[in-house]
Amino acid sequence: MRVGRTLDGMSDDAAIRVRGLRKTYGESLAVAGLDLDVHRGEVFALLGPNGAGKTTTVEILEGYRQRDAGEVRVLGVDPADPPRDWRERVGIVFQGTGEFDELCVAEVVHHFAGFYADADDPDKVIERVGLSAKARARTHTLSGGQKRRLDVALGIVGRPELLFLDEPTTGFDPEARREFWELIRDLAAAGTTIVLTTHYLDEAEALADRVGVIAAGRLVEVAAPNRLGNRQEALATVSWRTPEGTLESAQSATPTALVAELAARFGGEVPGLTVTRPTLEEIYLTMIGHR
Amino acid sequence: MTTTAKPAQPVTTASPARRRGAAGLALRQGRLEIRQFLRSRESVVFTLGFPLIMVLIFASIFNEEIAPGVSYTQYFITGMIATGLMTVSFQNLGIWIPIERDRGVLKRYRGTPMPKWVWFAGKVIMVLVISVVMTALLLAVSVTLFDLDLPSTTTAWLTFGWVSGLGVTACTLCGIAISSLARTARSGSAVVTPVALVLQFISGVFFVFTNLPSWMQQVAALFPLKWMCQGLRSVFLPETFGADEPGGSFELTRVALVLGVWCVIGLVLCLTTFRWTTRRDG
């Protein structure tokens with residue numbers, strides 16, 4: 001009896017709330033005390049290198065893995081033992097594709113739609129993910145990008161409030177990636193809360209309202225992409241060439257003033273002048289401990 | 001819960017994708033499984049084709065009498081019906097479930113609101129339908145080409161029904177159970193095929209059971225196929241042949257007992273070992 005996507009009796013706006021999540025595989029600690037909050041309606045990216053614990057974390061949130069310790073609430077429910085109605089509200093796009101080689105696109109989407117009480121029109125979903133031309137094609141004839149679209153179709157056909165996407169664009173060519181991003185933006189605009197994992201910085205930057213950087217099983221920072229690692233406040237590096245021809249550089253919180261001063265000193269053009277701030281990639285690599 | 005709660009529901013989204021009741025979901029799942037089976041060439045050739053081809057070959061080569069009024073052909077065909085039932089259930093599931101698990105199909109189903117039992121029901125419906133089709137094909141070929149007589153009494157038909165039903169149930173449960181032994185998609189048939197082949201040789205399918213060494217008979221008697229063959233012989237062979245069986249009769253009570261025990265074993269194994277994801281998926 002859902003009236004709207006978000007007005008279903010939940011007073012708080014937390015789609016996901018995680019405290020002290022831990023998971024070990026044998027000797028190795030995959031998730032080491034992770035805290036996470038995802039708000040309703042936002043696009044949240046879990047960014048981190050391979051093996052950082054992204055997929056483990058997400059699969060615990062999806063109810064596929066049991067945690068060793070910690071408190072987890074996804075749409076107000078503990079995913080370790082979810083009621084059936086919870087599955088109606090959560091859409092999942094896995095890292096690997098689930099292949100139905102003997103069926104065509106339309107058959108698979110129609111079949112999955114039948115599992116949900118409040119499913120979307122399967123044909124419209126196929127159109128939305130851009131597979132209308134392939135609706136009658138056997139799924140094993142689809143390209144990698146098309147298979148991924150089918151995965152997304154199955155993830156959204158139940159009209160989920162919360163959609164998980166695990167490394168959705170790995171292996172895509174740049175154009176397919178752009179198209180995929182558009183699809184995700186559409187879904188977000190329609191009010192779906194989206195949690196995606198990625199190891200692509202540009203993807204996190206392009207899609208996410210907030211990015212959580214995960215390294216060695218811990219969330220090391222959560223911020224809007226343009227604020228990650230205090231990027232805006234980071235010192236700028238001003239460098240120029242001295243009259244003797246050697247390269248000089250200085251870190252400055254007020255680079256404009258420094259450039260004005262240099263301009264005055266040189267009486268006009270400053271030879272070899274550059275002003276740079278750390279790129280997102282540099283900040284990210286520092287955060288995950290690669291620098 | 002009620003349609004009045006959603007007054008603004010657009011007409012276009014209502015019709016194609018409304019959730020069915022439990023039985024409807026199961027039937028729909030069964031239909032999808034059958035469709036997938038029939039579209040898979042390997043399934044059709046190996047599962048449906050194998051028993052038919054074997055009957056055509058063996059029944060054409062050997063036709064000596066093995067007992068008064070009983071030809072090897074008749075003996076072999078009953079064994080082949082039992083084998084066919086085992087192929088459709090045990091081998092079919094034991095080979096295909098690991099493939100579906102490996103492809104992520106099972107994981108994907110688990111991520112939907114589908115009740116778990118619906119998936120199993122779909123497999124069972126598929127096995128039952130294909131079993132009936134295969135048995136009908138085998139009987140049609142055998143009756144037309146190899147002078148097999150269909151059962152003439154209601155009792156015989158009933159025995160045919162319960163022996164097949166119980167046998168398929170036991171083999172289905174064991175097939176689902178053994179599917180969890182395979183670590184990858186490819187290893188399913190490596191696990192299942194040798195088991196099935198050995199059972200065929202020691203259970204009185206290719207050779208007359210009582211001609212086998214007694215230790216072999218005793219090993220075979222631990223498994224369902226021997227009892228399925230014996231139960232079906234009571235249906236298709238003359239009553240007098242019962243005296244030629246190892247126990248001196250067709251021992252239908254024992255057939256029911258052993259197959260029933262295997263149903264329980266298979267069910268327990270399914271409930272305790274079934275995996276929706278591969279090992280590397282955790």
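Which domains does the domain assignment of chain A give? In this predicted model, the assignment divides chain A into domain 1, covering 14-230, and domain 2, covering 234-287.

**Figure 1. The two domains of chain A and the contact between them.** The centres of domain 1 and domain 2 of chain A, taken over C-alpha atoms, are separated by 41 Å. Contact between the two involves 12 residues of domain 1 of chain A and six residues of domain 2 of chain A. The size of an interface is often given as the accessible area lost when the parts come together. Between domain 1 and domain 2 of chain A about 790 Å² is buried, and carbon and sulfur atoms give 74% of that area. On the side of domain 1 of chain A that touches domain 2 of chain A, helix H7 (201-207) and strand E9 (218-223) of chain A each supply at least two residues. The residues of this side of domain 1 of chain A comprise seven nonpolar, three polar and two charged. Between the two domains of chain A the count of salt bridges is zero, and the count of residue pairs in polar contact, with both residues at pLDDT 80 or more, is zero as well.

**Figure 2. The surroundings of A:Glu102.** A:Glu102 is placed in the loop between strand E5 (90-93) and helix H3 (105-113) of chain A. With residues up to four places away in sequence left out of the count, A:Glu102 touches A:Arg138 of its own chain and, in chain B, B:Gln36, B:Arg39, B:Ser40, B:Trp96 and B:Arg103. A:Glu102 counts as buried because its relative accessible area is 10%, the cut-off for buried being under 20%.

**Figure 3. Positive phi at A:Ala216 and B:Glu251.** A:Ala216, although not a glycine, has a positive phi of about 50°, and this residue lies in the loop between strand E8 (210-215) and strand E9 of chain A. In chain B, phi of B:Glu251, a residue other than glycine, is also positive and near 50°; B:Glu251 is found in the loop between helix H10 (224-236) and helix H11 (252-273) of chain B. Are these residues buried or exposed? A:Ala216 is exposed, with a relative accessible area of 65%, whereas B:Glu251 counts as buried at 18% relative accessibility.

**Figure 4. Salt bridges of A:Arg89 and A:Arg177.** Over all chains, a search of the whole structure finds 25 salt bridges. In one of them A:Arg89 is paired with A:Glu161, with 2.8 Å between the closest N and O atoms. This pair links distant parts of the chain, 72 residues apart, with A:Arg89 in helix H2 (residues 84-89) and A:Glu161 in the loop between helix H5 (144-156) and strand E6 (162-166) of chain A. Both A:Arg89 and A:Glu161 are buried, and together with A:Arg40 they are linked in a network of salt bridges. A:Arg177 forms a salt bridge with A:Glu203, the closest N and O atoms being 3.7 Å apart. A:Arg177 counts as buried at 13% relative accessibility, and A:Glu203 is buried with a relative accessible area of 0%.

**Figure 5. A salt bridge within helix H8 of chain A.** A:Arg265 and A:Glu261 form a salt bridge in which the closest N and O atoms are 3.5 Å apart. Because the two residues are four residues apart in helix H8 (residues 255-266) of chain A, about one helical turn separates A:Arg265 from A:Glu261. A:Arg265 is exposed, with a relative accessible area of 55%, while A:Glu261 is partly exposed at 46%.

Definitions and conventions:
Residues are numbered from 1 along each chain as its sequence is written. Chains are lettered from A and ligands numbered from 1 in the order in which they are written. This is a predicted model: local features need pLDDT of at least 70, side-chain atom pairs count only at pLDDT 80 or more; totals for chains, interfaces and linings use all residues. Side-chain values use heavy atoms; hydrogens and water are left out. Domain bounds come from an automatic or database domain assignment. Contact means heavy atoms within 4.5 Å. Buried area is the accessible area (1.4 Å probe) that two parts lose on being put together, summed over both. A salt bridge is a side-chain nitrogen of Lys or Arg within 4 Å of a carboxyl oxygen of Asp or Glu. A polar contact is a pair of N or O atoms within 3.5 Å; within protein, one must be able to donate a hydrogen and the other to accept it, and residues adjacent in sequence count only if both atoms are side-chain atoms. Ala, Val, Leu, Ile, Met, Phe, Trp, Tyr, Cys and Pro count as nonpolar, Asp, Glu, Lys and Arg as charged, and the others, Gly among them, as polar. Buried means under 20% relative accessible area, exposed over 50%, partly exposed in between (1.4 Å probe, protein chains only).
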